[in-house]
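Got the viewer open? Here is a walk through the model, one selection at a time.

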Amino acid sequence: MSIAKLIIALLFVAANSYAYNNLATGDVIPERETFASFPNDFGGWKCTNRQEMAQDVIDNLGVTDYIICNYVNEELDQNVAFYAGYHERQERSDSGKTTLIHPPEHCLPGSGWDIIETTIVPVDFGIPGEAKRVVIAKGQARNLVYFWYQSRGHVIGTNIDRLRHLFLDRAFRNRTDGSLLRFTMPVERGNFEEADEAFRRFATLMARGLPRFIPN
């Protein structure tokens with residue numbers, strides 16, 4: 001991150017803290033269904049083994065509810081590793097504990113993958129917005145990753161924009177709930193087009209039921 005971007009991010013954090021302490025008068029936490037009822041089977045995509053995170057990982061992420069599963073479409077011979085994490089509120093306590101969403105760019109290098117390409121792309125799976133398209137590498141292996149922050153009716157591709165919306169919605173709507181959606185596709189034989197197509201097919205169907213789990 002450049003110094004200019006770091007300064008902007010810090011200013012947003014400071015403004016967010018000011019809004020929380022001086023403008024917002026309480027938390028509004030919208031009703032929603034938990035990901036326990038998220039479908040394991042839709043449109044030919046099947047999840048057969050949901051993954052569970054250890055409690056210390058959940059605590060570190062500050063996530064309220066999540067789903068992790070590798071969805072497989074046997075007819076198309078495609079698979080998408082899907083993560084959705086919902087945070088009912090995003091804040092940092094006096095003790096330093098945070099429930100703010102962690103940007104995936106901070107986690108991927110720690111898991112042994114290197115980010116070798118990043119692009120912001122427009123998306124519209126019910127709500128127009130932006131996503132981040134990332135190519136990651138580990139040795140000769142390549143994966144294609146798409147992610148975005150879906151928060152209070154916004155679909156956001158960058159962390160800076162996420163903080164800006166968080167500041168405004170905390171100040172004027174008393175809401176800090178938000179989510180991260182991440183899709184990971186293996187790139188076989190350098191075929192990025194097939195990985196892109198798997199993402200589009202899966203996300204189009206997945207998004208139809210999303211408002212039950214991530215309120216706008």
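Start by selecting Gly 129 and showing what surrounds it. Setting aside neighbours within four places in sequence, Gly 129 is in contact with Val 121, Pro 122, Val 123 and Val 155. The glycine itself is part of strand E6, residues 128-138. Now add Ile 156: 27 residues separate it from Gly 129 in sequence, yet their C-alpha atoms are 6.0 Å apart. Keep in mind as you click around that this is a predicted model.

Zoom out for a moment and colour by secondary structure. You should find 5 helices and 9 strands, and reading along the sequence gives α-β-β-α-β-β-α-β-β-β-β-α-β-α. The chain has 216 residues, of which 44% count as buried. Among contacts with a separation of 6 or more, 62% join residues 24 or more positions apart.

Next, the interior. Which residues touch the most other members of the largest nonpolar core? Select Phe 38, Tyr 71, Phe 82, Phe 183, Met 185, Phe 202 and Met 206; the core has 35 residues, and these are the ones with the most partners in it. Strands E2 (45-47), E3 (65-73), E4 (78-87), E5 (114-124), E6, E7 and E9, along with helix H5 (192-206), each put in at least two residues. H5 gives the largest share, 6 residues. Centre on Phe 202 and, beyond residues up to four places away in sequence, you'll see it touching Phe 42, Trp 45, Tyr 71, Val 80, Phe 82 and Phe 183. There is also a second, separate core of 17 residues, with Met 53, Trp 113, Ile 136 and Val 145 among them. As background, nonpolar side chains tend to be buried together in soluble globular proteins.

Go to Leu 144 in strand E7. Buried or exposed? Leu 144 is buried, because its relative accessible area is 0%, under the 20% cut-off. Its contacts, leaving out residues up to four places away, include Arg 133, Val 134, Val 135, Phe 183, Phe 192 and Ala 195. One of these is a long way off in sequence: Phe 192 is 48 residues from Leu 144, with 7.5 Å between the C-alpha atoms.

Now try a polar residue, Gln 90, in the loop between E4 and helix H3 (104-107). Gln 90 is buried too, at a relative accessible area of 1%. Beyond its neighbours within four places, Gln 90 is in contact with Thr 99, Leu 100, Ile 101, Arg 152, Arg 162, Leu 166, Arg 170, Thr 176, Asp 177 and Gly 178.

From that list, pick Arg 152. It sits in the loop between strand E7 (141-151) and strand E8 (154-156), and counts as buried at 3% relative accessibility. Check its backbone as well: phi is positive, about 55°, although Arg 152 is not a glycine.

Helix H4 is the next stop. Its buried residues are Arg 162, Leu 163, His 165, Leu 166, Asp 169, Arg 170 and Ala 171. Put a distance on its two end C-alpha atoms and you get 20 Å; the 15 residues should span 21 Å at 1.5 Å a residue, so the two agree. Just after H4, Asn 174 takes a positive phi of about 55°. Asn 174 belongs to the loop between H4 (159-173) and strand E9 (178-186).

Time for charges. The structure holds 13 salt bridges, and three make good stops:

- Select Arg 212 and Glu 33, whose side chains meet at 3.1 Å, N to O. They are 179 residues apart, Arg 212 in the segment after H5 and Glu 33 in the loop between H1 and strand E1 (41-42).
- Select Glu 105 and Lys 132, paired at 2.6 Å, N to O. This bridge links helix H3 to strand E6. Lys 132 is buried, with a relative accessible area of 11%, while Glu 105 is partly exposed at 22%.
- Select Arg 133 and Glu 117, paired at 3.4 Å, N to O. Here strand E6 is linked to strand E5, 16 residues apart.

Finish on the surface. Select Ile 3, Ile 7 and Leu 11, which make a nonpolar patch of about 330 Å². Ile 3 is in helix H1 (residues 3-22) and counts as exposed at 65% relative accessibility.

Definitions and conventions:
Residues are numbered from 1 along each chain as its sequence is written. This is a predicted model: local features need pLDDT of at least 70, side-chain atom pairs count only at pLDDT 80 or more; totals for chains, interfaces and linings use all residues. Side-chain values use heavy atoms; hydrogens and water are left out. Helices (H or I, at least four residues) and strands (E, at least two) are DSSP runs, numbered from the N terminus. Buried means under 20% relative accessible area, exposed over 50%, partly exposed in between (1.4 Å probe, protein chains only). Patches are made of residues with over 30% relative accessible area and no salt bridge: like charges are joined within 9 Å, nonpolar side chains (Val, Leu, Ile, Met, Phe, Trp, Tyr) within 5 Å. Accessible areas come from the Shrake-Rupley method with a 1.4 Å probe; for residues, only the protein chains shown count as cover. A salt bridge is a side-chain nitrogen of Lys or Arg within 4 Å of a carboxyl oxygen of Asp or Glu. Contact means heavy atoms within 4.5 Å. The expected span of a helix is 1.5 Å times one less than its number of residues. A nonpolar core is a set of buried Ala, Val, Leu, Ile, Met, Phe, Trp, Tyr and Cys residues joined through side-chain atoms within 4.5 Å.
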